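Let's take a walk through this model together, starting with how we talk about burial and ending with the pocket. Keep the view open so you can follow along.

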Amino acid sequence: IDKFIGDAIMAFWNAPDPVRLYQHAAVLAAVRGQQKLAELREQWERAGMPALRCRVGIHCGPVLVGNYGCDEKMDYTIIGDPVNLASRLEGLNKKYETTVMISEEVFGSPAVAK
């Protein structure tokens, strides 16, 4: 997990250490997260608590990764168009009433396509 942004969580794989099959790891984390959230949602609803829902967008591509900021505030993170596309995919879940949306690049990667 990289950071919390409002009600969003930003996570990335393959930096600082290489992760073999990082696209698969991201999709697996999304699916397992949705499964666990479904279990918890049932418990929370039985207890009269609000039903929490989560949407996920996954994309892969070249990004800049490193420490960004200044002396007062430094953050190890990623920036680039692939980050923005993942965020837009997450938002499209609402329109299509889905929970996980992946890009064509992730879908076509050897790690996910099999």
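First, a bit of vocabulary: a residue is called buried when its relative accessible area is under 20%, exposed when that area is over 50%, and partly exposed in between. Asp75, at 24% relative accessibility, therefore counts as partly exposed. Keep in mind too that this is a predicted model.

Now for the overall layout. The chain is built from four helices and six strands. Read from the N terminus, the order is β-β-α-β-β-β-α-β-α-α. Along the principal axes, the C-alpha trace spans about 45 × 45 × 25 Å. With the cut-off from above, 24% of the chain's 114 residues come out as buried.

Back to Asp75, since there is a partner to meet. Which residue does Asp75 pair with? The partner is Lys3, and the closest N and O atoms of this salt bridge are 3.1 Å apart. Lys3 sits in strand 1 and Asp75 in strand 5 (residues 74-79), so this pair ties together parts that are 72 residues apart in sequence. Lys3 also forms a salt bridge with Asp2, where the closest N and O atoms are 3.6 Å apart. Put together, Asp2, Lys3 and Asp75 are linked in a network of salt bridges. How covered are the other two members? Lys3 has a relative accessible area of 23%, so it is partly exposed. Asp2 has 17%, which means that it counts as buried.

As background, side chains of opposite charge can pair when their charged atoms come close. The structure holds four salt bridges, and another one of them is found in helix 1. There, Lys36 pairs with Glu39, with 3.6 Å between the closest N and O atoms. The two are three residues apart in helix 1, so about one helical turn separates them. Both ends of this bridge are partly exposed: Lys36 has a relative accessibility of 45%, and Glu39 has a relative accessible area of 43%.

Next, have a look at the backbone. Most residues other than glycine have a negative phi, and most peptide bonds are trans. The loop between strand 2 and helix 1 is a good place to look for exceptions, as both Asn14 and Pro16 lie there. Asn14 is not a glycine, yet its phi is positive, at about 80°. Its relative accessibility is 32%, so Asn14 counts as partly exposed. A little further along, the peptide bond from Ala15 to Pro16 is cis, with omega near 5°.

Where does Glu97 lie? Look in the loop between helix 2 and strand 6 (100-102). Glu97 also has a positive phi, near 55°, and is a residue other than glycine. With a relative accessible area of 74%, Glu97 counts as exposed.

On to the surface. Ile1, Phe4 and Ile9 form a nonpolar patch there, and together they have about 400 Å² of accessible area. Ile9 belongs to strand 2. At 53% relative accessibility, Ile9 is over the cut-off and so counts as exposed.

Ile9 turns up again at our last stop, the largest pocket. The general idea behind such a search is simple: rolling a probe the size of a water molecule over the atoms shows where empty space is left. Here, the largest pocket has a volume of about 1600 Å³. It is lined by 47 residues, and those closest to its centre are Ile9, Met10, Ala11, Val56 and Gly57. So what does the rest of the wall look like? Strand 1 (3-5), strand 2 (8-10), helix 1 (22-46), strand 3 (56-58) and helix 2 (81-96) each supply at least two residues of the lining. Which element gives the most? That is helix 1, with nine residues in the lining of the largest pocket. Sorted by class, the lining has 28 nonpolar, 12 polar and seven charged residues.

Technical notes: Residues are numbered from 1 along each chain as its sequence is written. This is a predicted model: local features need pLDDT of at least 70, side-chain atom pairs count only at pLDDT 80 or more; totals for chains, interfaces and linings use all residues. Side-chain values use heavy atoms; hydrogens and water are left out. On a 1 Å grid over the protein atoms alone, a cavity is a set of points where a 1.4 Å probe fits but cannot get out, and a pocket is an open set with protein on both sides within 12 Å along at least five of seven lines; lining residues have an atom within 4 Å of a point. Grid points are joined across faces, edges and corners, and a volume is the space filled by probe spheres set on the points. Ala, Val, Leu, Ile, Met, Phe, Trp, Tyr, Cys and Pro count as nonpolar, Asp, Glu, Lys and Arg as charged, and the others, Gly among them, as polar. Patches are made of residues with over 30% relative accessible area and no salt bridge: like charges are joined within 9 Å, nonpolar side chains (Val, Leu, Ile, Met, Phe, Trp, Tyr) within 5 Å. Accessible areas come from the Shrake-Rupley method with a 1.4 Å probe; for residues, only the protein chains shown count as cover. A salt bridge is a side-chain nitrogen of Lys or Arg within 4 Å of a carboxyl oxygen of Asp or Glu. Buried means under 20% relative accessible area, exposed over 50%, partly exposed in between (1.4 Å probe, protein chains only).
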